[in-house]
Amino acid sequence: MSTTATSTSAFPVSKRAKMTKLSSTAAVVMAADKLRAQGVNVIDLGVGEPDFPTPEHIKDAAKRALDENFTKYTAATGIMPLRQAICDYMNSNFGSDYTPEHCCVVLGGKQGIFNAVLAMIDPGDEVLLENPCWVSFPEIVHFAEGKTAPVDTEVTDFHMTADLVGQAITPKSKLLIINSPSNPTGRLIDRAEFRKIVELAVEKGLWVISDECYLQFVYPPNEVNSAAMLPEELRSRVLIAGSLSKTYAMTGWRVGFTLGPVEWVNEITKIQSQSATHAASIAQKASVVALTSSQESVKEMLAEYIRRAEWFIPALNQIPGIKCSAPEGAFYAFPNMKELMKNCGFATSKELADELLWKYGVVTTAGSAFGAEGYLRMSYANSLEAITEAVERIKQMVADRTK
Ligand SMILES: Cc1ncc(COP(=O)(O)O)c(C=O)c1O
């Protein structure tokens, strides 16, 4: 077969690349863009990012960094003032005693988890993952040639418990990844259960990654809960994967952190030094200001997510066939659509999401993308007007399919 200079037909794709899927949430973004290009008024409940701009004082700090020519390489671990600011932030909020040697600045929470998994997982090692979970967890584990073992949480309405973790542990289990508040379910692990889970994991010789990227978006009366609150003997087996992306509406800036055992952080740093090198110098400077200045904007965003959830969840529950528990954090509704799917003739949540997208211009993500068939993930990081319109369109779809 002949190939041209730009043909990829003969491209020798590696085993690793073959195992890696394009993120299904990214695929939804591309589909929505296609519809928009056709002039469709698309309501996007697929987004996993705040709909607010980055606060002005953080943008100003980046502009200052540029003006001061802070535009060169930094240490692979990140600049010391940022590592210190991350430790101070976590220590003052959660009573821990992290120092900069426990901290490596990374390019967003995702890259932190990627580096952390690569630093620990050998082929065949087993990683326990909540099911459903964020789409990138299994992909990252597979990239490291590890095996995933699900901790199914549908039975507890998506609340991770020590009992469920205990049932899933096998002799090959090496790592447990937890994520509270959770994407996609919006559920939390409460403080006492969180500790029991980590105690059990440590007792069984496992290590733990606590993905805390939605840490500050917890809805009262639930309490913000971080692995940084655990006693030292437990924390010594836990790596916190933190991110500024959601907290400060900084998804495009690509700044996150890993915070935990020095040996683990050192390996993460090695991997980082040979790949991305470090997070952008300007973004690092802005992140120092994000963490050390007024947190008012975070409170405002949280209040707005709560206001939207208070409208959205009851509105969803009024649609025949939808059952939706109240989210406890983050900005995702994860309604049970099983009855609606039966009534409307959809065999899978993907079919339902496709119908909503292509016929009604509402972007959602099929629960199956996260490992839970019969559900949809709907982000309310969108205006109340848009959410209201989405609800009207879903009602219309149900009416059309059941008349
Ligand atoms: C659970 C979870 N962890 C980590 C991330 C990564 O965020 P970032 O890499 O932008 O910090 C996301 C983003 O959607 C997420 O939902």
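Helices here are DSSP runs of H or I with at least four residues, strands are runs of E with at least two, and both are numbered from the N terminus. With those labels in hand, the predicted model can be walked through by its backbone oddities. Pro221 turns up in the loop that runs between strand S6 (207-211) and helix H9 (232-235). The bond leading into this residue, from Pro220 to Pro221, is a cis peptide bond, with omega near 10°.

A cis bond also joins Asn183 to Pro184, this time with omega near 25°. Here the setting is the loop between strand S5 (173-179) and helix H8 (191-203), where Pro184 sits. As a rule, most peptide bonds are trans, and most residues other than glycine have a negative phi.

That brings up phi. Glu145 is not a glycine, yet its phi is positive, near 65°. This residue belongs to the loop between helix H6 (136-143) and strand S4 (147-152). As for its surroundings, Glu145 has a relative accessible area of 26%, so it counts as partly exposed, being neither under 20% nor over 50%.

Ala249 is another residue other than glycine with a positive phi, in this case near 50°. Its place is the loop linking strand S7 (238-243) and strand S8 (256-259). Is Ala249 buried or exposed? With a relative accessibility of 7%, Ala249 is buried, because the cut-off for that label is under 20%.

Definitions and conventions: Residues numbered from 1 in each chain as written. Predicted model: local features only at pLDDT ≥ 70, side-chain atom pairs only at ≥ 80, totals over all residues. Heavy atoms only, no water. Buried < 20%, exposed > 50% of the residue type's maximum accessible area, 1.4 Å probe, protein only.
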